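Work through the exercises below with the model open. Try each task before you read its solution.

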Amino acid sequence: MLWSLLKILFFVAAVAAIAYGALWLMEAEGGVQIIVAQTEFTLGPLESAIALVVLLVALWLVLKLLSLLIATLRFINGDETALSRYFDRNRERKGLKELTESLNALAAGDGKTAMVEARKAGKHLNRPELTNLITAQAAEASGDHKTAEQVYRKLVEDDRTRFVGVRGLMKQKLAEGDTETALQLAQRAFALKPKHEETQDLLLKLQAGAHDWAGARKTLSAKLKQGALPRDVHKRRDAVLAVSEAKDVIDEGNDIKAREAAIEANRLSPDLIPAAVMAARGYIEQGKAKNAARIITKAWAAQPHPELAAAFAEIHPDESPQTRLKRFQTLVKAQPDHRESKLVMAELNIAAEDFPAARRALGDLVETDPDVRVLTIMAAIERGEGASDAVVQGWLARAVTAPRGPQWICENCNAIHPEWTPVCENCGAFDTLAWTRPASQEVSSPAGTAMLPLVVAPRGAAGSVEAGESAPPTEDAAGQAATDDAEAQEQDADSAAEAEPEPAEERDAEAPARST
């Protein structure tokens with residue numbers, strides 16, 4: 001309200017000033033005399049003022065016309081002018097509208113429409129780094145992989161979009177199954193953006209799949225250096241890569257280098273079972289029994305595992321069952337209540353023919369955790385205590401349909417593996433295998449699981465069954481034993497023959513090591 005009042009007052013004052021000035025000019029004497037072509041023009045004061053205003057307006061119009069002429073000439077010449085900027089703004093508005101339509105179509109899953117609109121936008125917008133990217137994504141969405149590849153190659157030529165182009169080509173090669181080319185592109189993408197976590201993970205996965213353990217360890221170190229990986233996880237995965245490298249070195253026949261790699265892997269992650277087993281066996285080959293026992297004992301305290309028990313038995317392969325039973329007590333005392341400790345002690349007592357002690361060592365596993373191994377050990381105990389063939393056959397029949405127990409299972413896809421590997425053979429995930437029970441106990445191991453993982457002969461010797469053991473029948477034979485009396489008798493006879501105690505000399509020559 002105040003501002004409106006002030007504007008009114010200002011207008012009235014201006015009108016008054018102009019009127020006063022005009023009145024003053026009319027009353028003033030003198031004027032302006034202009035002579036043009038011997039013609040004399042005499043202007044009074046008011047007329048002179050009006051003529052001056054008209055002259056200024058005419059001069060302003062001439063200057064404007066002159067600037068318009070110059071701008072037209074520059075526009076024709078291709079220079080940037082207000083006129084060119086006007087047309088540019090119109091093209092930009094059209095291009096942005098088409099780009100919006102392309103993004104909407106892409107989000108809606110209409111790849112063909114998105115690609116058409118993106119091409120239109122590319123004609124109106126001089127932004128190839130933007131329109132080419134959307135064109136490539138639209139081509140992929142519509143299934144036109146050839147066009148997508150061509151556009152990605154264009155993106156590679158531009159420094160601003162090179163990483164996006166390389167990444168797009170890498171994804172295409174992965175989809176085609178060309179992991180070798182994808183690995184090269186992943187290395188190039190990692191060189192362009194070493195801090196990109198997705199590229200780091202993909203490069204690590206491809207390097208592990210190609211058994212490039214040295215390159216994978218460098219990538220892992222880069223992830224740690226850039227803060228993309230916790231230090232404890234880095235140590236664990238570095239140990240996995242080290243033990244994988246050791247396994248490949250063993251295949252090449254370089255035992256010394258393999259031992260060094262295995263020991264290094266165990267140092268990085270003492271609870272990694274494959275590393276502990278490999279390092280212990282390396283010390284055993286060197287004759288360093290105490291070092292091997294210390295590594296296995298430490299790993300057993302972290303996670304008891306049958307492979308650790310087998311390696312611990314290999315330290316003294318020629319000892320008697322009683323001596324071995326006493327030595328294993330130092331191993332299992334770290335976790336005496338663990339199911340693996342109970343199973344190992346039960347197997348060792350069976351080898352020593354102390355069947356009541358084996359039953360006591362087994363505890364309540366028959367009631368609380370009856371898997372294949374538990375039930376088969378129970379069959380061996382019953383046979384050793386002189387139970388009838390029908391009782392032994394009953395335990396074996398239960399073992400056929402019992403859960404398999406812990407196995408190497410991928411935590412990413414739940415695939416079961418017969419032995420530990422750094423990379424899942426099903427989904428290709430790195431360091432996802434864990435010793436655990438499958439989600440569904442009905443799923444069996446792909447390569448089969450030994451149904452009688454009891455005490456076997458020392459490593460390198462013949463795999464004969466120890467005294468007191470009863471070799472299990474196959475699942476079909478056990479099923480027939482439950483339904484057909486005649487075949488059941490034959491199975492009983494076979495089981496009784498296989499379960500007969502062996503001579504003491506042969507039993508003493510064998511060592512308790514769990515068959516994986």
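Four exercises follow, each with a worked solution.

This is a predicted model, in which local features need pLDDT of at least 70, side-chain atom pairs count only at pLDDT 80 or more, and totals for chains, interfaces and linings use all residues. Residues are numbered from 1 along each chain as its sequence is written, and side-chain values use heavy atoms, with hydrogens and water left out.

**Exercise 1. Describe the protein as a whole.**

Start with the elements: the protein has 24 helices and 5 strands. These are DSSP runs (helices: H or I, at least four residues; strands: E, at least two), numbered from the N terminus. Next, burial: 42% of the 516 residues are buried (under 20% relative accessible area, 1.4 Å probe, protein chains only). Then the surface: about 28300 Å² is accessible, and 56% of that belongs to carbon and sulfur atoms (Shrake-Rupley method, 1.4 Å probe).

**Exercise 2. Find how helix H18 and helix H20 pack.**

Locate them: H18 covers residues 355-362 and H20 residues 372-384. Their axes come within 9 Å and cross at roughly 155°. Axes are lines fitted to C-alpha atoms over the stretch in contact, and angles run from 0 to 180 degrees between N-to-C directions. So H18 is roughly antiparallel to H20 (an angle over 145 degrees). Now list the contact (heavy atoms within 4.5 Å). H18 gives Phe-355, Ala-358, Arg-359 and Leu-362, while residues from H20 include Val-374, Ile-377 and Glu-382. Sort the residues: 8 are nonpolar, 1 is polar and 2 are charged. Here Ala, Val, Leu, Ile, Met, Phe, Trp, Tyr, Cys and Pro count as nonpolar, Asp, Glu, Lys and Arg as charged, and the others, Gly among them, as polar.

**Exercise 3. Do the same for helix H8 and helix H9.**

H8 spans residues 179-192, and H9 spans residues 197-209. They pack at an angle of about 140°, with axes 9 Å apart. In H8, the contact residues include Thr-179, Leu-183 and Phe-190; in H9, Leu-203 and Leu-206 are among them. By class, this contact has 7 nonpolar, 5 polar and no charged residues.

**Exercise 4. Is Leu-268 buried or exposed?**

Place the residue: Leu-268 lies in helix H12, residues 255-268. Check its area: at a relative accessible area of 12%, Leu-268 is buried. Look for partners beyond four places in sequence: Leu-268 is in contact with Arg-217, Lys-235, Asp-238 and Ala-239. Take Ala-239: this residue is 29 residues from Leu-268 in sequence, yet 5.4 Å away in space, C-alpha to C-alpha.

Methods
Parallel < 35°, antiparallel > 145°, perpendicular 65-115°, else oblique. Buried < 20%, exposed > 50% of the residue type's maximum accessible area, 1.4 Å probe, protein only.
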